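Student: I've got the model open and I'd like to test a few labels against their definitions. Can we go through them together?

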Amino acid sequence: MVRNRRVRVPFGYSVQLWRSASACCGVAVSCAFLPPETAFTASFFGQPSVLKNADDFHTFAQAEGADKIIVRPEFVKISKLDEVEKFKTSVSRGVVERVSFRGDNQELQVRVNNSVVTARRSLEKADIREGETVNVFLYRIFALRGDSVQLIENEAVRDDFVII
């Protein structure tokens with residue numbers, strides 16, 4: 001594939017467009033979303049949660065010293081205590097403070113120690129109620145230092161891809 005150009009999209013992610021070398025006139029186009037490059041774009045769009053302390057969540061040692069830590073709802077997995085969790089040793093426990101119906105999913109606000117995270121959960125899964133204790137797993141976070149942004153993957157997810 002031949003890389004054609006990079007463009008900015010309004011919700012803060014960059015998109016890189018490629019056109020297949022065999023396709024003329026841009027018929028075959030694919031794109032890849034890149035993380036935001038500035039603190040403004042990481043925190044402005046959508047409904048990010050600002051974490052008070054990365055230590056409330058497991059396996060984010062790289063976030064130490066960050067000015068602000070942000071997690072987006074799509075990076076959070078909420079599961080009931082009795083549900084099978086792939087990364088069981090990396091989950092934190094939280095208490096559900098609010099449940100809202102959002103069309104095709106439930107929006108949950110969950111308190112983990114001093115931080116409150118917003119997450120989405122499919123309606124096809126078992127209901128979760130306010131006051132319920134749940135497992136909270138963060139796939140990735142944004143660590144903001146000044147105006148720079150670092151996307152940090154959960155160490156458990158990265159280690160899952162290691163092949164020996």
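Student: How much area does the protein expose, and what share of it do carbon and sulfur atoms supply?

Tutor: This is a predicted model, so keep that in mind throughout. The protein exposes about 9,500 Å², and 53% of that is supplied by carbon and sulfur atoms.

Student: What makes up the fold, read along the sequence?

Tutor: There are two helices and twelve strands. Their order is β-β-β-α-β-β-β-β-β-β-β-β-β-α. As for contacts with a separation of 6 or more, 56% come from residues 24 or more positions apart.

Student: Why is Glu85 called buried?

Tutor: Buried means under 20% relative accessible area. Glu85 has 7%, so the label fits. Across the protein, buried residues make up 38% of the 164 residues.

Student: And what makes Lys77 partly exposed?

Tutor: Partly exposed covers the range between the buried cut-off of under 20% and the exposed cut-off of over 50%. Lys77 has a relative accessible area of 23%, so it counts as partly exposed.

Student: Why is the contact between Glu85 and Lys77 called a salt bridge?

Tutor: The rule wants a side-chain nitrogen of Lys or Arg within 4 Å of a carboxyl oxygen of Asp or Glu. Here the N to O distance is 3.6 Å, and the pair is a Glu and a Lys, Glu85 and Lys77. The pair therefore passes the 4 Å test. The general idea is simple: side chains of opposite charge can pair when their charged atoms come close.

Student: How many salt bridges does that rule give?

Tutor: The count is nine. One of them joins Glu132 and Lys80, with the closest N and O atoms 2.6 Å apart. That pair links distant parts of the chain: Glu132 sits in the loop between β9 (115-122) and β10 (133-138), Lys80 in strand β6 (residues 76-80), and they are 52 residues apart.

Student: Are Glu132 and Lys80 buried or exposed?

Tutor: Both Glu132 and Lys80 are buried.

Student: What about Arg140: which residue does it form a salt bridge with?

Tutor: Glu153, with 3.0 Å between the closest N and O atoms. Arg140 belongs to strand β11 (residues 140-145) and Glu153 to strand β12 (residues 148-153), 13 residues apart.

Student: How do you know that Arg140 and Glu153 are partly exposed?

Tutor: Arg140 has a relative accessible area of 25%, and Glu153 is at 25% too. Buried needs under 20% and exposed needs over 50%, so a value in between is partly exposed.

Student: Which residues are linked in a network of salt bridges?

Tutor: Arg72, Glu74 and Arg120 are.

Key: Residues are numbered from 1 along each chain as its sequence is written. This is a predicted model: local features need pLDDT of at least 70, side-chain atom pairs count only at pLDDT 80 or more; totals for chains, interfaces and linings use all residues. Side-chain values use heavy atoms; hydrogens and water are left out. Helices (H or I, at least four residues) and strands (E, at least two) are DSSP runs, numbered from the N terminus. Buried means under 20% relative accessible area, exposed over 50%, partly exposed in between (1.4 Å probe, protein chains only). Contact means heavy atoms within 4.5 Å. Accessible areas come from the Shrake-Rupley method with a 1.4 Å probe; for residues, only the protein chains shown count as cover.
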